[in-house]
Amino acid sequence: MSVILELNNTIVLSHHWIKVLQVGVPSQVDLVPGVIQAFILGIVQGITEFLPISSTAHLIIVTKVFGWKELGSKDFVDAIQFGSVIAILWYFWAVISSLIKGAITAFKTKDWESEDWKIVVGIAVGTIPALTIGFLLKDVIPESSLIIAIMSIIMAMLLGLAEKIGTRKRGFDALEIRDGILVGLGQTLALIPGVSRSGSTLTTGLFLGLQREAAAKFSFLLGFPTLTIATLYKSLKIFKMFQSGELPDNIVILLIVGIISTFIFSYLSIAFLIKYLQTKNTLVFVWYRLAFGISILLAIAAGWQG
């Protein structure tokens, strides 16, 4: 009897130490599959971040469909957005540097009617709502496939409406501080998965009478501070988790691959959309978003758990 009790105690103790070891050791991601996943996630992030179709929605759906739990975590996909930040800075460097120089000159000369001053202040003020609300609600915003589908359809209809009733008479040089405030408020909607940061800001800009190209350009510039701050926050979190041993040893390599892939396809996406909207409307994105949302609803109705 004592032998049986001793054997049972040994088994219980062994199970205890197995659990301890399982908790203490992070799940490893094989390098080759991990690199492929990181590169694909970078493609998805890069393309969908700037097209008005929601990067968050596509990343969530892609990782759920393929079952990429390790690299599909919100911390990883948010961290590779750094590639999108670099792409905006690279593509719009001349515009950004010109705006900053112009705003500094306007401040020194107290020229509050300067176009550069109005645009820079508009971007600064428009960034506050998204950062504030995003920080307060960062842990309570749901990320279900059903919400993604519904919001994709709703935003498709709003973009279509903005395309139909927008006057498109105002260029980039006609921007006012109030445009930054209103487009910034529109940007806060992007905290809901399926809305799209570029989609909500582009839609708001069209409603305000901006030309398509001007609305897209302002959308990218307005999103730059928010995207940069959010990405730095997530990157710092990833760094701390790596230092404490909570992440796989090869996570740095996978992050680099994801960031490079994101940068390449973000740059291509920005260049494509700016050129596309010079001569064409946004209806192709309206129809795509409708198809995307309806497809998810049909999949859920067919039994997909999402």
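Does Thr-201 count as buried or exposed, and at what relative accessibility? In the predicted model examined here, Thr-201 counts as buried, because its relative accessibility is 1%, a value that falls under the 20% limit set for buried residues. The residue has its place in helix α10, and, once neighbours within four places in sequence are left aside, Thr-201 is in contact with Val-183, Gln-187, Ser-219 and Leu-222.

The surroundings of this residue belong to a fold in which the protein chain contains 13 helices and 0 strands, so that the pattern read along the sequence is α-α-α-α-α-α-α-α-α-α-α-α-α. Taken along the principal axes, the box filled by the C-alpha atoms of the protein chain is roughly 90 × 50 × 35 Å. The protein chain comprises 306 residues, of which 46% count as buried, and the area that it exposes is about 15,900 Å², with carbon and sulfur atoms supplying 70% of that area. Where contacts between residues at least 6 apart in sequence are considered, 82% of them join residues at least 24 apart. The protein chain carries 23 positive and 19 negative charges, and the mean positions of these two sets are 7 Å apart.

Helix α2, which spans residues 31–50, provides two further examples of buried positions. Leu-41 lies in this helix and is buried, because its relative accessible area is 0%. Residues up to four places away in sequence not being counted, Leu-41 touches Leu-59, Thr-63, Trp-68, Leu-71, Phe-76, Val-77 and Ile-80. Between Leu-41 and Phe-272 the separation is 231 residues in sequence and 19 Å in space, taken from C-alpha to C-alpha. Thr-48 also lies in α2, and its relative accessible area of 5% places Thr-48 among the buried residues. Apart from neighbours within four places in sequence, the contacts of Thr-48 are with Ile-53, Ser-54, Ser-55 and His-58.

In helix α5, which is formed by residues 82–91, the buried residues are Gly-83, Ser-84, Val-85, Ala-87 and Ile-88. The cover over the buried residues of α5 includes α2, α6, α11 and α12, the last of these spanning residues 251–276.

Empty space within and around the protein chain was also examined. The structure holds 1 cavity of 30 Å³ or more, and the volume of the largest cavity is about 60 Å³. Its lining is made up of Glu-49, Phe-50, Ile-88, Arg-197, Ser-198, Ser-219, Phe-220, Gly-223 and Leu-227. At least two residues of this lining are supplied by each of α2, α10 (197–207) and α11 (212–243), and the largest share, 4 residues, comes from α11. Two of the residues already discussed recur here: Ile-88, one of the buried residues of α5, is among the lining residues of the largest cavity, and Ser-219, a contact of Thr-201, is likewise part of that lining.

The largest pocket has a volume of about 790 Å³. This pocket is lined by 30 residues, and those closest to its centre are Lys-74, Asp-78, Gly-134, Leu-191 and Ala-230. Two or more residues of the lining are given by each of α2, α3 (55–66), α4 (74–79), α7, α10 and α11, and, with 7 residues, α11 gives the most.

Two loop residues were considered for their backbone geometry. Most residues other than glycine have a negative phi. Lys-110, although it is not a glycine, has a positive phi of about 55°, and this residue lies in the loop between α6 (93–109) and α7 (115–137). Lys-110 is exposed, because its relative accessible area is 61%, which is over the 50% limit for exposed residues. Arg-168, another residue other than glycine, has a positive phi, near 55°, and has its place in the loop between α8 (145–165) and α9 (177–188). The relative accessible area of Arg-168 is 27%, and Arg-168 is therefore partly exposed.

Note on methods
Residues numbered from 1 in each chain as written. Predicted model: local features only at pLDDT ≥ 70, side-chain atom pairs only at ≥ 80, totals over all residues. Heavy atoms only, no water. Buried < 20%, exposed > 50% of the residue type's maximum accessible area, 1.4 Å probe, protein only. Contact = heavy atoms within 4.5 Å. Areas by Shrake-Rupley, 256 points an atom, 1.4 Å probe, with all protein chains shown as cover. Lys, Arg positive; Asp, Glu negative; His and termini not counted. Charge placed at Lys NZ, Arg CZ, Asp CG, Glu CD. 1 Å grid on protein atoms, 1.4 Å probe; cavity = no way out; pocket = protein on both sides within 12 Å on 5 of 7 lines; lining within 4 Å. Points joined across faces, edges and corners; volume = space filled by probe spheres on them.
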